[in-house]
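Q: Could you take a close look with me at one part of this protein? I'd like to go through it slowly, one piece at a time.

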Amino acid sequence: MYKKTFLILILFLSSCISIGVDAPATPTQSGFVTATLIPTKAGFVPATLTPTFEATLLPTLAVTENANCKDSAILLRDVTIPDDTKINAGEKFTKTWEFQNVGDCNWVGYTIQFDSGDQLSAPQSAPVPDTAPKGIVQVSIILTAPIADGTYQGNFTLHNTNGNSIFIGTEKIFWLRIVVGNITPQTPIASTTRTPYVPSGGNSNCSYTQNSSYVSQIISLINQARVAAKLNSLTVNAQLTSAAQKHSADMACNNFLNHTGSDGSYIGDRLSDAGYTSFNYYEIIAIGTPQNAIDQWRADAGHWEVVLNPTITQIGVGYAYYADSDFGGYITVDFGGN
């Protein structure tokens, strides 16, 4: 997905970490997107992309250049070929990503350029379809897998009309990674299910997508970080999972990014409703992919302290993707301990 990634507008959100304390003040929804950083910090959403493609702009519109603007983008989802997908030797394949232009620049004449690693028959430079601010674009590229077995990664950058490479979040490099032959992938291929949901606070016509692979990857990445810090691994708790999934679905279906639910509920309310009784609990939220989320939390000391909190022993992760929301995939992680 991303090693170094997409620029992102600095937006301000109410606190992204929830802790088991007295009832919080009602937050004001921000105009932007990473609920992983405290209000005075810039959000970080790495992304994945690649060049030369058949691309579809959603919706189709006329776009013109605008001066004195600021660039920013996020990756909403991998439409095809998640990282570590197994591809046959010599096979041609199409990779598609879905992005949103969250800056105020019109993307006119933007390009994707190969930077380093395995090129996989990608061109040195390829155009990005014209995209207006807040517009969503699906970008596809046809690549060819190498003949020899192995894991292959190509790194790319995004460039504006002046030829300058631009940030995706806080970094500039994003990548594509595939596995050829009999090699164990580093992460499982995603499986998805669609689930109807009627949140108490709003949208009654929302059918969001869950992703069990994303949930497993987030748990694994968090536990890897804890083991590296000589802390205990966390066990999955069904009640924490239920509360986290409910909140991710609520955010996706009602198009917001906050710890307060569309019905006014807070983490303590959701945990109590799910039957979780411990008063030692925390919540962090994010958008994007599992690696996006980990990079966001690691970039902020307060969030990373929650991930590495020695008092927590249990975890529950929720993920929901809703195409009609601003940011696509919404992640909630609820932690608990004695």
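My question is about one end of the disulfide: is Cys69 buried, partly exposed or exposed?

A: Happy to look at that with you, keeping in mind that this is a predicted model. Cys69 counts as partly exposed, because its relative accessibility is 26% and the buried class ends at under 20%.

Now for its partner. Cys69 is joined to Cys105 by a disulfide, with an S to S distance of 2.0 Å. A disulfide is a covalent bond between the sulfur atoms of two cysteines. A search of the whole structure finds 1 disulfide, and the link of Cys69 and Cys105 is right-handed, with 105° about the S-S bond. The pair links distant parts of the chain, 36 residues apart. Cys69 lies in the loop between strand E2 (55-58) and strand E3 (73-78), while Cys105 lies in the loop between strand E5 (92-101) and strand E6 (111-117).

The other end of the bond has its own surroundings. Cys105 has a relative accessible area of 2%, so it is buried. To sum up the two ends, Cys69 is partly exposed, whereas Cys105 is buried.

Let's follow the chain back from Cys105 into strand E5, which borders its loop. E5 is largely enclosed by the rest of the structure, because 8 of its 10 residues are buried. Strand E5 is also joined to strand E8 (residues 136-144) by 9 bridges, and the two run antiparallel. Within this pairing, Gln100 stands opposite Ile136 in E8. In a regular strand the side chains alternate between the two faces of the sheet.

It helps to set this part against the whole protein. The secondary structure comes to 5 helices and 16 strands. Of the 338 residues in the protein, 54% are buried. Among the contacts with a separation of 6 or more, 76% are between residues 24 or more positions apart. The accessible surface of the protein comes to about 13,700 Å², and carbon and sulfur atoms account for 52% of that.

For another loop to look at, try Tyr322, which sits between strand E15 (314-321) and strand E16 (329-337). Tyr322 is buried, because its relative accessible area is 11% and the cut-off for buried is under 20%. The C-alpha atom of Tyr322 is 9.2 Å from that of Gln210, although the two residues are 112 residues apart along the chain.

Methods. Residues numbered from 1 in each chain as written. Predicted model: local features only at pLDDT ≥ 70, side-chain atom pairs only at ≥ 80, totals over all residues. Heavy atoms only, no water. Helix = DSSP H or I, 4+ residues; strand = E, 2+ residues; numbered from the N terminus. Buried < 20%, exposed > 50% of the residue type's maximum accessible area, 1.4 Å probe, protein only. Disulfide = S-S within 2.5 Å. Contact = heavy atoms within 4.5 Å. Areas by Shrake-Rupley, 256 points an atom, 1.4 Å probe, with all protein chains shown as cover. Pairing = 2+ DSSP bridges.
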